[in-house]
Each structure stands twice: as C-alpha cells, then as structure tokens.
Amino acid sequence: MKVDFNGSSRFSFLAIATGLVADIDINSERLRFLGGELRNLIYGVAYILRKRSYSIQLSVEDKESEAGFISLVVAVCPMLDERVTFFPEIKSEPGMYLHQMHSSVTRAQLIKLWDLAEDGGKHVEVFPELANTSATSIRVQSLLIFHFGK
C-alpha cells in the first residue's frame, strides 16, 4: 500500500504473499516454538511436495492476466525471514517488486529456488523465468471460493 503524506510517498507494508509462501507462513505458526527458520523449513518442504496451484487474477501496471500460480509475493524489503532473500534487487534499487511462481514450476525447481534464496537471493540468477519484476501498481485477486465448516 502506498501512502502519500506531506509531499512524500511511503510504502506501508513489507511484504504481501499469496499461495505457497502464505501457506507456509500461516500454517507453520503452530510450530512457532521451533523458531522461524526451522518451522519454515519443515512447512516449506511439506508444501513444496504438495505443490498446490492457486487461481489468481494479477494486474501489473493495469495489465491483467489470469493464471494458475504456486505463489505471488509483493515486497518492499529483500528478506522474507532471517535466511531467505527473495528480493536481492531491493538492496541496490529500492521499490516495490513482484515475484511470480507459475504452476509450471517443478518441485525440483522449487527446492532449488528455496535453497538459492537462502544463499543471498541467487535464485534470480539461476532461474531468469522466476525473476522479480519492479512495479508501481499491482493488484492481486484470488479466484477461489472458500467454504468453512461442512
């Protein structure tokens, strides 16, 4: 979210995630006592093996696309946790970036991506198709209908 105040603009969030990254973050809360790094590793492996696809409508700079995504992350900070650098570009060029993982990404690529993200964000060099995109306007809408209870 962008906030304009007294002639300057500020982003009022660090990161917003949907799909794989959000599932790992939210569902690993029950393992919080293990610390962020270990709980994210356990759930990361479990959800990578599960490899669920999410139907999401994405608008970047008012250009819409609809696709099956494994995950989308929008951030203004380079780190997702104390080890994972998803957005190394932010260190040298601050701004808002989008990371897209389409459902065509394989489990092996996901595991390698996670490992390289823990190694200073080198995944953007190895997987150019998963490169982060700088943007000033992003809109994400889930196309899933959630049912609670029976």
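**Exercises on a predicted single-chain model**

**Exercise 1.** Decide whether the radius of gyration of the chain agrees with that of a compact globule.

*Solution.* The chain has 150 residues, and for that number a compact globule would have a radius of gyration near 15 Å. The chain has 16 Å, which agrees. The model is predicted. As a further description of extent, the C-alpha trace spans about 45 × 40 × 30 Å along its principal axes.

**Exercise 2.** State how many helices and strands the chain contains, and in which pattern they follow one another.

*Solution.* Start with the count: eight strands and five helices. Then read along the sequence, which gives β-β-β-α-α-β-β-α-β-α-α-β-β. For contacts between residues at least 6 apart in sequence, 62% join residues at least 24 apart.

**Exercise 3.** Describe the burial, the exposed surface and the charges of the chain.

*Solution.* Take burial to begin with: 38% of the 150 residues are buried. Next comes the surface, where about 9000 Å² is exposed and carbon and sulfur atoms supply 55% of it. Last, the charges: there are 18 negative and 16 positive side chains, and the centres of the two sets lie 6 Å apart.

**Exercise 4.** Find where confidence is lowest and highest among the elements, and examine residues 145-150.

*Solution.* The mean pLDDT over the chain is 83, with 92% of the residues scoring at least 70. Strand S1 (residues 2-5) has the lowest confidence, at a mean of 70, while strand S7 (residues 133-135) has the highest, at 90. Over residues 145-150 the pLDDT is below 50, and this stretch has zero contacts in the model beyond near neighbours in sequence.

**Exercise 5.** List the buried residues of helix H1 and the elements they pack against.

*Solution.* Helix H1 covers residues 20-27, and its buried residues are Leu 20, Val 21, Ala 22, Asp 23 and Ile 24. Their partners include four strands' worth of entries to check in turn: S3 (15-19), S4 (54-60), S5 (63-75) and S6 (96-102). The buried residues of H1 also pack against helices H2 (36-50) and H4 (107-117).

**Exercise 6.** Is Phe 127 buried or exposed, and which residues does Phe 127 contact?

*Solution.* Locate the residue: Phe 127 lies in the loop between helix H5 (123-126) and S7. Its relative accessibility is 9%; the cut-off for buried is under 20%, so Phe 127 counts as buried. Leaving aside neighbours within four places in sequence, Phe 127 is in contact with Gln 109, Lys 112, Leu 113 and Leu 116. For Leu 116, 11 residues away along the chain, the C-alpha separation from Phe 127 is 9.9 Å.

Technical notes:
Residues numbered from 1 in each chain as written. Predicted model: local features only at pLDDT ≥ 70, side-chain atom pairs only at ≥ 80, totals over all residues. Heavy atoms only, no water. Helix = DSSP H or I, 4+ residues; strand = E, 2+ residues; numbered from the N terminus. Rg over C-alpha atoms; globule rule 2.2 N^0.38 Å. Buried < 20%, exposed > 50% of the residue type's maximum accessible area, 1.4 Å probe, protein only. Contact = heavy atoms within 4.5 Å. Areas by Shrake-Rupley, 256 points an atom, 1.4 Å probe, with all protein chains shown as cover. Lys, Arg positive; Asp, Glu negative; His and termini not counted. Charge placed at Lys NZ, Arg CZ, Asp CG, Glu CD. pLDDT = per-residue confidence, 0-100.
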